[in-house]
Amino acid sequence: VLCVTPPRHSCSRGVEGSWFSVELQFFFTPTHYSLRHGWASADGALRSWEFASSVDGDEWQAVRVHHDDHSLGGRFATHTWSLAGALPATKFRVRMLGPHWGGRHFLYCSGFEMYGKCGDSHFFAGN
């Protein structure tokens, strides 16, 4: 899953727990994911958030949790993180766990990518 647009300013409403999600029409097991900061300065960069997955959109499993992460601290900065032990899912979410570097709750993100393996729906079929 790949975002190929040039960097643009983009953000959520400034509420606690801001999030975005991606829903796929197939099962996907991520091994890595990337984010691109969505603002022209480091002030609004994500600092504490979780990357989570779900099969039904009701129950989410944290795949990776970030606390006081400095990786996105630049103008439209990008970073890729590895994911260990992720299970196959169809829905993926990035949710803020606290304010960004500027102390507010706007989720600035202008790029999202996932890398991994397609398929694996048999995992949930009991096979």
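**Strands, core and aromatic pairs**

Asp-68 counts as partly exposed, at 45% relative accessibility (20% to 50%, with buried under 20% and exposed over 50%; 1.4 Å probe, protein chains only). Asp-68 is found in the loop between strand E3 (61–66) and strand E4 (78–82). Its phi is near 55 degrees, a positive value in a residue other than glycine. The model is predicted, so local features need pLDDT of at least 70 and side-chain atom pairs count only at pLDDT 80 or more, while totals for chains, interfaces and linings use all residues. Residues are numbered from 1 along each chain as its sequence is written, and side-chain values use heavy atoms, with hydrogens and water left out.

The loop between E3 and E4 also holds Phe-76. Phe-76 too has a positive phi in a residue other than glycine, near 50 degrees. Phe-76 is buried, with a relative accessible area of 14%. Its C-alpha lies 9.5 Å from that of Leu-35, across 41 residues of sequence.

The chain has six strands and zero helices (DSSP runs numbered from the N terminus: strands are E, at least two residues; helices are H or I, at least four). Along the sequence the pattern reads β-β-β-β-β-β. Buried residues account for 43% of the 127 residues. Contacts (heavy atoms within 4.5 Å) often span long stretches of sequence. Among those between residues at least 6 apart, 79% join residues at least 24 apart.

Strand E1 (residues 19–37) pairs with E4, E5 and E6 (pairing needs at least two DSSP bridges). E1 and E6 run antiparallel and are joined by nine bridges. Within this pairing, Thr-29 has Lys-117 of E6 as its bridge partner. Six bridges join E1 to E5, again antiparallel. Here Glu-23 is partnered by Lys-91 in E5. E1 and E4 pair over five bridges, also in the antiparallel sense. Ser-34 has its bridge partner, Thr-80, in E4.

The largest nonpolar core holds 21 residues (buried Ala, Val, Leu, Ile, Met, Phe, Trp, Tyr and Cys joined through side-chain atoms within 4.5 Å). Tyr-33, Leu-35, Leu-46, Trp-49, Phe-51 and Met-114 touch the most other members of this core. At least two core residues come from each of E1, strand E2 (49–54), E5 and strand E6 (109–118).

Two of these core residues were examined through their contacts. Leu-35 is found in strand E1 and is buried, with a relative accessible area of 1%. Neighbours within four places in sequence are left aside for the contacts of Leu-35. Its contacts then include Phe-20, Leu-46, Trp-49, Leu-72 and Trp-81. Leu-35 also touches Ala-77, Thr-78 and His-79. Val-94, Cys-109, Gly-111 and Phe-112 are further contacts of Leu-35. For Trp-49, with neighbours within four places again left aside, contacts include Tyr-33, Leu-35, Leu-72 and Trp-81. Trp-49 also contacts Arg-64, Val-65, His-66 and Asp-69. Val-94, Arg-95, Met-96 and Leu-97 are among its contacts as well.

Aromatic rings were compared pairwise. Rings of Phe, Tyr and Trp (its six-membered ring) pair if their centres lie within 6.5 Å; planes under 30 degrees apart are stacked, over 60 edge-to-face, and the rest tilted. By this rule there are nine aromatic pairs. Phe-28 and Phe-92 form an edge-to-face pair, because their ring centres are 6.2 Å apart and their planes stand at 90 degrees. This pair links distant parts of the chain: Phe-28 lies in E1, Phe-92 in strand E5 (residues 89–96), and 64 residues separate them. Phe-28 is buried, with a relative accessible area of 3%. Phe-92 also counts as buried, at 1% relative accessibility. Both rings belong to one aromatic cluster, formed by Phe-20, Phe-28, Tyr-33, Trp-49, Phe-51, Trp-81, Phe-92 and Phe-112.

Two arginines have their charge over a tryptophan ring (NZ of Lys or CZ of Arg within 6 Å of the ring centre and within 35 degrees of the ring normal). Arg-93 lies over the face of Trp-60, 4.4 Å from the ring centre. The charged end of Arg-47 sits over the ring of Trp-101, at 5.1 Å from its centre.
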